[in-house]
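Thanks for making time this morning. I would like to take you through one model, starting with the overall fold and then moving to a few individual residues.

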Amino acid sequence: ELASNERKTSFEKIFNIKKFIYETPMTTTGAKYSDDITEQAKKKTILETQVPFPFVIKRQRVVSQSSEIFSPIQTSTEIMEDRYRATKREIETIPPNPKTLQIVLKGSVVLEVNAG
């Protein structure tokens, strides 16, 4: 099985996948929501299936599950690293696209919440 950084082609990125990660926002106090950023944390859950996807059967048995809880500072650091990678990717695009770069920069600097 290839590690995610070894998957170069678009085919490799979507074929023979056994591990799936999902993240759940949470608070350190156990409340559903908090305005205080020092209480916001994240739980990352990693599931591994018995058979790699894609497969004929859409539902597969999960053979292992692990969870990791990130502290508020780890959560913030990860968000900042993601924004850095997105900005770097846009700057290094040839030819540079000012429209998408502006969207990435605006998302990094201006905090917006979509209604709905």
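I will begin with the general layout, then turn to the sheet, the helices and some single positions.

Please keep in mind throughout that this is a predicted model. The secondary structure of the protein comes to 3 helices and 3 strands, and if you read along the sequence you meet them in the pattern α-β-β-β-α-α. Of the 116 residues in the protein, 17% are buried, while the exposed surface comes to about 9700 Å², of which carbon and sulfur atoms supply 58%. If we take the contacts between residues at least 6 apart in sequence, 41% of them join residues that are at least 24 apart.

Let me turn to the sheet. It is an open sheet of 3 strands in the order β1-β2-β3, and the pairing is antiparallel. The edges are taken by β1, residues 17-27, and β3, residues 62-70, and because each of these has a single partner strand, one side of each is left without a neighbour in the sheet. From one strand to the next, the twist averages 15 degrees. As general background, the strands of a sheet pair through backbone hydrogen bonds, in either a parallel or an antiparallel way. Here, strand β2, which covers residues 40-53, is joined to β3 by 8 bridges, with the two running antiparallel, and to give one position, K43 has I69 in β3 as its bridge partner.

Two threonines in the sheet deserve a closer look. T45 is found in strand β2, and because its relative accessibility is 2%, where the cut-off for buried is under 20%, T45 counts as buried. Which residues is T45 in contact with, leaving aside its neighbours within four places in sequence? They are F20, I21 and Y22, together with Q65, S66 and S67. The other threonine, T27, has its place in strand β1 and is likewise buried, with a relative accessible area of 6%. With neighbours within four places again left aside, T27 is in contact with Y33, S34, E39 and A41.

Now to the helices. Helix α2, residues 72-92, lies across β1, β2 and β3, and runs at about 65 degrees to β2. A third threonine, T87, has its place in this helix α2, and at 17% relative accessibility T87 counts as buried. Not counting residues up to four places away in sequence, T87 touches L101, V104, L105 and S108. T87 and I103 are 16 residues apart in sequence, and their C-alpha atoms are 9.7 Å apart in space.

The loop between α2 and α3, where α3 covers 98-109, contains P95. Is the peptide bond from I94 to P95 cis or trans? In this model the bond is cis, with omega near -10 degrees, and for context, most peptide bonds are trans.

Finally, I will go back to the start of the chain. I14 is found in helix α1, residues 10-14, and since the cut-off for exposed is over 50%, its relative accessibility of 62% means that I14 counts as exposed. Together with F11 and F15, I14 forms a nonpolar patch on the surface, and the three have about 330 Å² of accessible area together.

That is the end of the tour, and I am happy to go back to any of these positions.

Notes
Residues numbered from 1 in each chain as written. Predicted model: local features only at pLDDT ≥ 70, side-chain atom pairs only at ≥ 80, totals over all residues. Heavy atoms only, no water. Patch = residues over 30% accessible without salt bridge, like charges linked within 9 Å, V, L, I, M, F, W, Y side chains within 5 Å. Areas by Shrake-Rupley, 256 points an atom, 1.4 Å probe, with all protein chains shown as cover. Salt bridge = Lys/Arg side-chain N within 4 Å of Asp/Glu carboxyl O. Helix = DSSP H or I, 4+ residues; strand = E, 2+ residues; numbered from the N terminus. Buried < 20%, exposed > 50% of the residue type's maximum accessible area, 1.4 Å probe, protein only. Contact = heavy atoms within 4.5 Å. Pairing = 2+ DSSP bridges. Axes fitted to C-alpha atoms, helices over the stretch in contact; angles between N-to-C directions.
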